[in-house]
Amino acid sequence: MKAIDQIKRAGLMKTVDYLLEDPEARATKIMDMIDKVAPANLFPSQRLAFRDAIEQKSDWYQLIMKIADLNPAMRDTFIKNFLVDGNLMAWGRQEEMREKYQCNIPWAILLDPTSACNLHCIGCWAADYGHKLNLSYEDIDSIINQGVDLGVHIYIYTGGEPLVRKRDLMRLCEEHQDCTFLCFTNATLIDEDFCQDLLRVKNFVPAISAEGFEETTDARRGEGVYQRIVDAMALLKEHGLPFGISACLTSQNTESVGSEEYFDWLIDQGALFCWVFTYMPVGVDSDISLMPTVTQRRRMYDFIRAMRKTKPLFTLDFQNDGEYVGGCIAGGRRYLHINAAGDVEPCVFIHYSNVNIHDVSLLEALRSPLFMEYYEGQPFNNNLLRPCPMLENPDCLPAMVERAGAHSTDLQAQETADELCAKCHSFAEKWAPAADDMWNNESDPEFERRQDPYKGMSESDISKFNRLAQQRAGKSA
């Protein structure tokens, strides 16, 4: 780290210490601090929303106070890691690397420590991955070291059930104290010893898979799983540990997940965030009837935005929130995925690759043909409510895979990109007019923001578009 960056980091750490001495009285100064050091176009609408919430002491202010009330044994380190190292310091380095190498550099890296899982949930792509593959401790350590060199300080474990490898995961937390680790987990392996580990390492956050109440949870995941989830959340709350929820939205649980009762329940359990993922028909035997309908998706769009205005729960809807982040964030634009076999995939839901982390460096993977297809193709639609090259733009992915010479990385049964996207055409055709009506609705409170040329994109995104436009103009001249 450059000397000037070390000074900047030290100053930010002291500022966080000052704020945490009296969070309630000094909360209004948090956004002043962030605005001084963050680029003006780094999530401006989100920052404005947080500032307004703090000034009005609304729901997100309550969320900030809940974070401030976490167990002091880990709170300060956790906040510093995520806010300073993972975002304020990391973003500038990531932008520098994007310009230097003219490729996508992610904000976060998702990786599967193992393909093993102790559950077999209906509709979960990981359930079909097998139980014999693992990234070694050395593999993961190398990925993190390479990522940090590029400015990446956020690492998210998927699987499989990552906590099958919890001993190695805790070692990695200890080794990389300037990183924040998040883990998607079914929660069935969370116990008292695990909570003590979290208090010790201070930089590991569980994201518990919980989509709906007992009737929908146990129907998809197995009898008794709901109660084990409830017990795990109670244990984490008792210890003052941060955790959140991941919910896979299907046609069968939208009424449960998309209910105020469910959100209130999550808040009562102590959850700080809820990440909603739309079911994807991935896998040869995937059940397309589980795909939410257009009506259900539109309802969730409105519902989640209503909840953000009233509930102290940080909520992300990964399919419907494309309009806030410039469309698709896969392909390394903001994240990538490395499976338990080492295949570097552009998306956690799109299992195609042309490189393996055992054969190439992380940077080489980001500059490989398939990742460059993403780099040059994003956004895949000018309507950012249609972000995905598979679900909303199913003609895109097969062409990208073919041009890149990529292959299926499914560990159970090979599925071509044409076969995968064929399952998405019907939804895409029905969603397109609905999404276009939403996007062009001048009475929508979001309409004015949608006219912003940045639309949630960074300086490097805009620079890339200008550069690619000039190159294309040169070729056609």
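**Exercise 1. Work out how helices H1 and H3 are oriented relative to each other, and which residues make their contact.**

Step 1: Helix H1 (residues 3-21) and helix H3 (residues 28-37) pack with their axes 11 Å apart, at an angle of about 170°. Helices here are DSSP runs of H or I with at least four residues, strands are E runs of at least two, and both are numbered from the N terminus. Axes are lines fitted to C-alpha atoms, for helices over the stretch in contact, and angles between N-to-C directions run from 0 to 180 degrees.

Step 2: Now for the cut-offs: under 35 degrees is roughly parallel, over 145 roughly antiparallel, 65 to 115 roughly perpendicular, and the rest oblique. H1 and H3 are therefore roughly antiparallel.

Step 3: On the H1 side, the contact (heavy atoms within 4.5 Å) uses Lys8, Leu12, Thr15, Val16, Tyr18 and Leu19, while H3 brings Lys29, Ile30, Met33 and Val37.

A note on the ground rules: this is a predicted model, with pLDDT of at least 70 needed for local features and 80 or more for side-chain atom pairs, while totals for chains, interfaces and linings use all residues. Numbering starts from 1 along each chain as its sequence is written, and side-chain values use heavy atoms, leaving out hydrogens and water.

**Exercise 2. Find the arginines that sit over the rings of Trp91 and Tyr301.**

Step 1: Apply the test: NZ of Lys or CZ of Arg must be within 6 Å of the ring centre and within 35 degrees of the ring normal.

Step 2: For Trp91 the partner is Arg98, lying over the face at 4.6 Å from the ring centre.

Step 3: For Tyr301, look to Arg305, whose charged end sits over the ring, 3.6 Å from its centre.

**Exercise 3. Place Thr77 and Ser353 as buried, partly exposed or exposed, and list what each touches.**

Step 1: With a 1.4 Å probe and protein chains only, buried means under 20% relative accessible area, exposed over 50%, and partly exposed in between.

Step 2: Thr77, found in helix H6 (residues 72-101), has a relative accessible area of 25%, so Thr77 is partly exposed. Leaving aside residues up to four places away in sequence, Thr77 touches Gln177 and Lys202.

Step 3: Ser353 belongs to strand S10 (residues 352-353) and is buried, at 0% relative accessible area. Not counting residues up to four places away in sequence, Ser353 touches Asp343, Val344, Glu345, Leu370, Ala406, His407 and Thr409.
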